[in-house]
Amino acid sequence: MYEYLKSLHIIFIVTWFAGLFYMPRLFIYATEAGNKNEMECKVLREQFSIMMKRLWYGITWPSAILTLIFGLSVLFHGNWDKVVFDVSGRWLLVKLIFVLFLYVYHFSLHRIFKQEIAGIYRYSSNQLRIWNEVATIFLISIVMLVVVKQSLSFVWGLVGLILFVLLLMSAIRVYKRMRSNEFKSQK
């Protein structure tokens, strides 16, 4: 039974992350639709609103809930709850802290979702692009902790994570410059 619970947990992690990755892209597209003429903006934002609602309520939220349910099942059926505060389970404790922050990130996306559905676009497309990468950072951190466990030095893991974040931020800046040059050449 444990292996089935674990499999379901992994499946719903994948579908949850699919929503966490795609939802900010839809926020970006809806925000950038504001640069179009009034008619085009209205049509695009209506379509993105439909897509956001289906993704958020049809995939992302149910997957987040099922990930939690099956994750707790794996925790208790696998007796991981008995080692979470031991030295040998320190990786699991750190992973659970990352998961807690991942749910905080999920709720932040929910807040942005509610704003954009209400027609409030508070964030620039560049800010949303940066926020979009937060899920990637969580994914890499959590997977590394689960796979490498005790072999992963906390210091080297932290250094690797910081370097990865710096690489992501650099890539976002390069992309922004490329888009800016693209728009200048079109004018």
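**Exercise 1. Overall make-up**

What percentage of the 187 residues of the protein chain count as buried? State also the secondary structure and the extent of the chain.

Solution. The structure is a predicted model. Of the 187 residues, 34% count as buried. The secondary structure comes to six helices and zero strands, and the order from the N terminus is α-α-α-α-α-α. Along the principal axes, the C-alpha trace spans about 60 × 35 × 20 Å.

**Exercise 2. The largest pocket**

Describe the volume, lining and chemical character of the largest pocket.

Solution. Start with the volume: the largest pocket holds about 780 Å³ of space. Next, take the lining, which consists of 29 residues. His9, Ile13, Lys95, Ile142 and Val146 are the ones nearest the pocket centre. Then assign the lining to elements. Helices H1 (2-32), H2 (38-77), H3 (90-117) and H5 (134-148) each contribute at least two residues, and H1 gives the largest share, with nine. Finally, sort the lining by type: 23 residues are nonpolar, three are polar and three are charged.

**Exercise 3. Helix lengths**

Test whether the end-to-end distances of H3 and H5 agree with 1.5 Å a residue.

Solution. H3 has 28 residues and should span 40 Å; its end C-alpha atoms lie 41 Å apart, which agrees. H5 has 15 residues and reaches 21 Å from first to last C-alpha, close to the expected 21 Å. To complete the picture of H5, list its buried residues: Val134, Ala135, Thr136, Ile137, Phe138, Ser141, Ile142 and Leu145. One of these, Ile142, is also among the residues nearest the centre of the largest pocket.

**Exercise 4. Aromatic pairs**

Count the aromatic pairs, then classify Trp61 with Phe107 and Tyr105 with Phe138.

Solution. The count comes to 13 aromatic pairs. For tryptophan 61 and phenylalanine 107, the ring centres are 5.5 Å apart and the planes meet at 65 degrees; the cut-off for edge-to-face is over 60 degrees, so this pair is edge-to-face. The pair joins distant parts of the chain, with tryptophan 61 in helix H2 and phenylalanine 107 in helix H3, 46 residues apart. Phenylalanine 107 has a relative accessible area of 47%, and is therefore partly exposed.

For tyrosine 105 and phenylalanine 138, the centres are 6.4 Å apart and the angle between the planes is 50 degrees, giving a tilted pair. This contact links helix H3, which holds tyrosine 105, to helix H5, which holds phenylalanine 138, across 33 residues. Both tyrosine 105 and phenylalanine 138 are buried.

Which residues form one aromatic cluster with Trp61 and Phe107? They are Trp56, Tyr57 and Phe113.

**Exercise 5. A charge over a ring**

Which ring lies under the charged end of arginine 45, and at what distance from its centre?

Solution. The ring is that of tyrosine 121, and the charged end of arginine 45 sits 3.7 Å from the ring centre.

**Exercise 6. Positive phi values**

Locate the positive phi values at asparagine 79, glycine 119 and lysine 149.

Solution. Begin with the background: most residues other than glycine have a negative phi. Asparagine 79, a residue other than glycine, has a positive phi near 60 degrees. Asparagine 79 belongs to the loop between H2 and H3 and is partly exposed, with a relative accessible area of 43%. Glycine 119 follows H3 and has a positive phi near 85 degrees. Lysine 149 follows H5, with a positive phi near 50 degrees.

Note on methods:
Residues numbered from 1 in each chain as written. Predicted model: local features only at pLDDT ≥ 70, side-chain atom pairs only at ≥ 80, totals over all residues. Heavy atoms only, no water. 1 Å grid on protein atoms, 1.4 Å probe; cavity = no way out; pocket = protein on both sides within 12 Å on 5 of 7 lines; lining within 4 Å. Points joined across faces, edges and corners; volume = space filled by probe spheres on them. Helix = DSSP H or I, 4+ residues; strand = E, 2+ residues; numbered from the N terminus. Nonpolar A, V, L, I, M, F, W, Y, C, P; charged D, E, K, R; others polar. Expected span 1.5 Å × (residues − 1). Buried < 20%, exposed > 50% of the residue type's maximum accessible area, 1.4 Å probe, protein only. Phe/Tyr/Trp six-rings, centres within 6.5 Å; stacked < 30°, edge-to-face > 60°. Lys NZ or Arg CZ within 6 Å of the ring centre and 35° of its normal.
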